[in-house]
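Please open the structure in a viewer and keep the selection tool at hand. The tour below proceeds stop by stop, stating what to select and what is found there.

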Amino acid sequence: MIRPARPEDADAIWAILEPVIREGETYAINRDMSREDALAYWLSPSHRTFVFEEDGQILGTYYLRTNQAGGGSHVCNCGYMASPAARGRGIATKLCLHSLDLARELGYRAMQFNFVISTNDTAVRLWQKLGFDIVGRLPGAFHHPRLGYVDALVFYQDLTKA
């Protein structure tokens, strides 16, 4: 079940965020970010944050936010994370499909992922499978902790098309 995040979910959300942040391979986030700063970002008042819960356990989370202000405010952006123990179970797919439905419901005309690490093969394949196009490549934009400088990709989906 996907539901809005609640304050009491903070520990479970942190348990998902921390290993991804510390690994530093899929998000352009400071690997030393504190729990407080990470939760303040993920649960920001400008984000609509959700969790995927199964049998009382939170296994994934995402946020949806407006990507840009003013003339770009019709485009939204999301961030998704699944528990390392729950990867490969389709949770990211469910979270993304939920976010696409919510974005349309909220009146967004497009969804954009600004900085997808090109070596994150699972995410790249998933976003393409779910109808996103690669509309940009930022050469060497991400300093991967193991692979050195790798490209970041910009993904985009027009939400006005059926």
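**Stop 1: Leu 64 and its surroundings**

Select Leu 64 first: beyond the residues up to four places away in sequence, Leu 64 touches Ser 46, His 47, Arg 48, Cys 76, Asn 77, Cys 78, Ser 99, Leu 102, Ala 103, Leu 106, Tyr 108 and Met 111, a contact being heavy atoms within 4.5 Å. The model is a predicted one, in which local features need pLDDT of at least 70 and side-chain atom pairs count only at pLDDT 80 or more, whereas totals for chains, interfaces and linings use all residues. Residues are numbered from 1 along each chain as its sequence is written, and side-chain values use heavy atoms, with hydrogens and water left out.

Leu 64 is found in strand S3; helices (H or I, at least four residues) and strands (E, at least two) are DSSP runs numbered from the N terminus. With 1% relative accessibility, Leu 64 counts as buried. The term buried means under 20% relative accessible area, exposed means over 50%, and partly exposed lies in between (1.4 Å probe, protein chains only). A C-alpha to C-alpha distance of 4.5 Å separates Leu 64 from Cys 78, 14 residues apart in sequence.

**Stop 2: the cysteines**

Next, select Cys 76, Cys 78 and Cys 96. How many disulfides does the structure hold? There are 0, where a disulfide is a pair of cysteine sulfur atoms within 2.5 Å. Cys 76 is not bonded because its closest cysteine sulfur, in Cys 78, is 5.0 Å away, too far for a bond. Cys 96 is likewise in no disulfide, its nearest cysteine sulfur being that of Cys 78 at 7.0 Å. Cys 76 is buried, at a relative accessible area of 0%, and Cys 96 is buried, also at 0%.

**Stop 3: strand S5 and its partners**

Move to strand S5 (residues 110-117). Of its 8 residues, 6 are buried, so the strand is largely enclosed by the rest of the structure. On one pairing, S5 runs parallel to strand S4 (residues 75-82), joined by 2 bridges; two strands pair if DSSP finds at least two bridges between them. Here Cys 76 has Met 111 in S5 as its bridge partner. Another pairing is antiparallel, with 6 bridges joining S5 to strand S7 (residues 148-158), and there Gln 112 has Tyr 156 as its bridge partner.

Add helix H3 (residues 91-105) to the selection: S4, H3 and S5 make a right-handed β-α-β unit. Right-handed means that, with the strands pointing away from the viewer, the path from the first strand over the helix to the second runs clockwise.

**Stop 4: the cores**

Which residues touch the most other members of the largest nonpolar core? Select Leu 64, Tyr 80, Met 111, Phe 113, Trp 127 and Phe 132, which do so among its 29 residues. A nonpolar core is a set of buried Ala, Val, Leu, Ile, Met, Phe, Trp, Tyr and Cys residues joined through side-chain atoms within 4.5 Å. The elements giving two or more residues to this core are S2, S3, S4, H3, S5, helix H4 (121-129) and S7. H3 gives the most, with 6 residues. A second, separate core has 17 residues, including Ile 13, Ile 16, Val 20 and Ile 58.

**Stop 5: aromatic pairs**

Display the rings of Phe, Tyr and Trp. A search of the whole structure finds 11 aromatic pairs; rings (for Trp, the six-membered ring) pair if their centres lie within 6.5 Å, and planes under 30 degrees apart count as stacked, over 60 as edge-to-face and the rest as tilted. Tyr 41 and Tyr 63 form an edge-to-face pair, at 5.6 Å centre to centre and 85° between the planes. This pair links helix H2 (residues 35-42), which holds Tyr 41, to strand S3 (residues 57-66), which holds Tyr 63, across 22 residues. Tyr 41 is partly exposed at 31% relative accessibility, whereas Tyr 63 is buried at 4%.

**Stop 6: the S2-S3 hairpin**

Finally, select strand S2 (48-54) and Asp 55, which lies in the loop between S2 and S3. S2 and S3 form a hairpin with 2 residues between them, and 7 bridges join these antiparallel strands. Glu 53 stands opposite Ile 58 in S3. Asp 55 has a positive phi of about 50° although it is not a glycine, and is exposed, with a relative accessible area of 81%.
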